[in-house]
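Colleague: I'd like a close look at one part of this model, the enclosed space inside it. Could you walk me through that?

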Amino acid sequence: MCGIAGFIGNLPSREATIKLLLAEMINSINHRGPDDQGIWLDKNNDIGLAHARLSIVDLSSAGQQPMHSSSQRYVIVFNGEIYNYKKILNELKSFSSFTMRGQSDTEVLLGAIEHWGLKETLRKVSGMFAFALWDKQKNILSLARDRIGEKPLYYGWVDSSFVFASELRAFKKFPGFKNQIDKSAIALLLRYSSIPAPFSIYKDIKKLNPGQILQFHSNSKRIVEDNFWSLEEVYSSSRKFKKYANDKEAIADLEFVLSKAVEQQMQADVPLGAFLSGGIDSSSIVSMMQLQSTKKVNTFSIGFDVDGFNEAEHAREVAKHLNTDHFDMYVTEQDALDVVPHLHRIYDEPFADSSQIPTYLVSKIAKQKVTVALSGDAGDELFGGYNRYLFTESMFGKIKKIPKPIKYLLAKAIFTLSEESWNKYFGKLLEKSYSNLGYKLHKGADVLDSNSIRELHLKLASLIRDPSNWLRDTNEYKTILNDGINRFSGFNEIEQMMIYDLLTYLPSDILTKVDRAAMAVSLETRVPFLDPDVINFAAKLPFKYKIRNGQSKWILREMLYKHVPKSLIDRPKMGFAVPLADWLRGPLRDWAEILLDEKQLIQDGYFNASVVRGKLDEHMSGKRNWHYQLWNVLIFQSWLENNK
């Protein structure tokens, strides 16, 4: 994993000044690549590239960047890993006289681009990446980002220069950068807890979309956008689902394709391990790793000393059964709270999924032993794991038939008891089926008025359904969740929810969370479920193998039961949560009160102070839980305080 930065156009006249500027930009994201740094510039074309390296494959100097192609036509700064680079190398050698100077995947990528061209090469590769490629022959700068968006890449204009970088902090080193906040992006943060591509917190700076190539033509100053891959096309071309003779055949197919993806992603010249929560997804990845490893796989989890928020004991049982070399660390409430003042630095752009805290802590633990960690992310979106899918499948048809006045009374009745009261009085009765019952009931009551599954999905995905009410004079950008376009009419409505989550929640929340947390401690993370073959398999898989008889991730469970006893796996989905509601009423109360001081909110000019303070007062009194909504505001205010 690495960090990249650069710019083109109107560079300072002195070469030493340009090099210093590039050095300052790349030093600001040095945590992404602490092993080495490189700078390249072409004064004749006013372009400079910078790279911070985390050495994973080919640790020698032959892997240093910026890297030139063998013909010297191309120069690249690359962040990520190409998992099938050996296969591409063999294919290259069969078509050409291509020879390697070193052993890095970046060198193979450059050779492939020279032979097949950029777009065709990216269609061939399996990996996670964000890179900038300069074509000396055509004077074109190309930016590209991987299929789903595992690696970040920002770009935009600073005065008359076109600037790009892995993280926003690098832009702040560029002369003339105006840190003008985009109010419409704040509305997205309030709704989704993150800011989805192509938007960023700053005006004039964007995120490159997943699967996209952006080309800046230096001579004409023209920008051309193109896609080398589209999730919509993958699913749209898979409307004829694969037919299986029996369940065993489908399960065997899944195991084959997932095992192959895990094998590819276990390639590294540095110590490697995996996150293990003891849940279905991470246990599936670790079981595939251990089957293919000649030694014990390193696995990592954290324990939390708060009832209802601790998965470490489950992870330890799974690790013991799989015979991994397991490391867990129990962190205190204070350990977690100590992370909060640093979130603005770790995540750089406002990001408010509170599981960011345990994600950072487990990354920190893993980094003590390994440089690469595999994760089980994306299993929920691909195979139907989220509770909202089960809720929608089993309940929405019934709810839709209830008259509106009855729905209103039902919701009002649910809200008469706080989340804590529901958990206290009824949680024990239903703990085998539901964890955090009170939160789920309140969430369900909040969406009873939905008229369609598309509307229901948007409400379930929205922490704040009316951001404009919380903000002053702000219009919210439309996203693919609420733009009114029906993209996947050939799929049932639950599968449509899953595909939309792959396009939105996964890249803008889950993958962003893991990338920033891991990169803050210079740890590379890999996601086998996002191998193109696994995605294609899931797209063609009939729905009955995803959700069956009220059971989520049916096929993934059945595959896992072959390697881990059912008794260790079947338990309510917990998630990577922290006791945020209690923290805001307890140890974080003073912090929250200061950040949400009414005079400060009015002075900053972004939020409707009376609305925010009203929600805060209701939360502190215990009348309602507004912790997730308030967390979104608090994260922005904390970020703002440190970025003025």
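What volume does the largest cavity have?

Modeller: Bear in mind that this is a predicted model. The largest cavity comes out at about 110 Å³, and it belongs to a set of six cavities of 30 Å³ or more. Its lining is made up of 16 residues. If you want to centre your view there, go to R53, V57, Q65, D105 and T106, which lie nearest the centre of the cavity.

As for where the wall comes from, β3 (47-53), β5 (74-82) and α3 (105-116) each supply at least two of the lining residues. The largest share belongs to β5, with three residues. Chemically the lining is a mix: seven residues are polar, six are nonpolar and three are charged.

For context, here's the runner-up. The second largest cavity has a volume of about 70 Å³. Its lining draws on stretches far along the numbering, including Y83, S126 and G127, then D146, R147, I148 and E150, and also Q265, V527, L530, D531 and P532. By class, that lining has five nonpolar, four charged and three polar residues.

One last stop, this time on the surface: I406, Y408 and L409 form a nonpolar patch there, and together they have about 340 Å² of accessible area. I406 sits in helix α15 (residues 404-415), and it counts as partly exposed because its relative accessibility is 46%.

Methods:
Residues are numbered from 1 along each chain as its sequence is written. This is a predicted model: local features need pLDDT of at least 70, side-chain atom pairs count only at pLDDT 80 or more; totals for chains, interfaces and linings use all residues. Side-chain values use heavy atoms; hydrogens and water are left out. On a 1 Å grid over the protein atoms alone, a cavity is a set of points where a 1.4 Å probe fits but cannot get out, and a pocket is an open set with protein on both sides within 12 Å along at least five of seven lines; lining residues have an atom within 4 Å of a point. Grid points are joined across faces, edges and corners, and a volume is the space filled by probe spheres set on the points. Helices (H or I, at least four residues) and strands (E, at least two) are DSSP runs, numbered from the N terminus. Ala, Val, Leu, Ile, Met, Phe, Trp, Tyr, Cys and Pro count as nonpolar, Asp, Glu, Lys and Arg as charged, and the others, Gly among them, as polar. Patches are made of residues with over 30% relative accessible area and no salt bridge: like charges are joined within 9 Å, nonpolar side chains (Val, Leu, Ile, Met, Phe, Trp, Tyr) within 5 Å. Accessible areas come from the Shrake-Rupley method with a 1.4 Å probe; for residues, only the protein chains shown count as cover. A salt bridge is a side-chain nitrogen of Lys or Arg within 4 Å of a carboxyl oxygen of Asp or Glu. Buried means under 20% relative accessible area, exposed over 50%, partly exposed in between (1.4 Å probe, protein chains only).
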